[in-house]
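Trainee: I'd like to go through this one with you. Can you put it up on the screen?

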Amino acid sequence: MKKVYVLLAEGFELIEALTPVDVLRRCGADVKTVSISEDSFVTSAQKVTVKSDLILKESNLHDGDMLILPGGYPGYENLGKDSNVGELVKFYAKEGKYIGAICGAPSVLACNGIGEGKMVTCHTSIKDTMSKYNYQDKDVVQDEKIITGVGAGHSLDFALKLAENLFSEEILTKVKTGMELL
């Protein structure tokens, strides 16, 4: 079973975090939401409080196949400032595991020096932060094991691209059909 962790910081973007959770669970992944604070309850930028499955400081997340970083303000800044998040993202990059980052969250890659020179997309508000990357004006961009999305309005496209990397076309077709996408 594929294992995926979605990091939640105070001020995360709700649909950028939970759309991948939904799609990947429909595909059969073991997806866990992970609070980066000491509290399992994390409040989104939209003032919706979510109870995470795990707390980062109490968990070993090295066994995952994919790590997902949602954007949202100030969520992506909180992810970028957390040294434990930085260490985890560096581990996933070093081990050649998938990293998904959407909206402002690609800046977490930049502040940790991960994937410089790779093609990425991101929210226009952080485009200048990504000067060491090959910015693409697209909704979703994949360069090797780094998958980036432009923002909240493309959360489903981002989630489907993540799923495409972990699951067969047969599983994706079944999930898309069930979601009335085909």
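Mentor: Sure, with one term up front: a polar contact is a pair of N or O atoms within 3.5 Å; within protein, one must be able to donate a hydrogen and the other to accept it, and residues adjacent in sequence count only if both atoms are side-chain atoms. This is a predicted model, where local features need pLDDT of at least 70, side-chain atom pairs count only at pLDDT 80 or more, and totals for chains, interfaces and linings use all residues. Residues are numbered from 1 along each chain as its sequence is written, and side-chain values use heavy atoms, leaving out hydrogens and water.

Trainee: With which side chain does the side chain of Tyr-5 make a polar contact?

Mentor: Start with where Tyr-5 is: strand 1, residues 3-8 (strands are DSSP E runs of at least two residues, helices H or I runs of at least four, numbered from the N terminus). Contact means heavy atoms within 4.5 Å, and beyond four places in sequence Tyr-5 has contacts including Lys-32, Leu-54, Asp-63 and Tyr-92. The polar contact, at 2.6 Å, is with the side chain of Asp-63.

Trainee: Is Tyr-5 buried or exposed?

Mentor: Buried means under 20% relative accessible area, exposed over 50%, and partly exposed in between, using a 1.4 Å probe and protein chains only. Tyr-5 has 4% relative accessibility, so the verdict is buried.

Trainee: Which residue does a cis peptide bond join to Tyr-73?

Mentor: Most peptide bonds are trans. Here omega is about 5°. The partner's place is in the loop between strand 6 (66-69) and helix 2 (75-81). That cis bond joins Tyr-73 to Pro-74.

Trainee: What is the phi of Cys-103?

Mentor: Most residues other than glycine have a negative phi. Cys-103, in the loop between strand 7 (98-102) and helix 4 (106-111), is buried with a relative accessible area of 11%. Its phi is positive although it is not a glycine, at about 65°.

Trainee: And Glu-144, is that buried or exposed?

Mentor: Glu-144 is in the loop between strand 10 (140-143) and strand 11 (146-149). Phi of Glu-144 is positive too, near 60°. Its relative accessibility is 59%, so Glu-144 counts as exposed.

Trainee: Zooming out, how many strands are there in the chain?

Mentor: Of the 182 residues, 52% count as buried. The C-alpha trace spans about 40 × 35 × 35 Å along its principal axes. Alongside six helices, the strands number 11.
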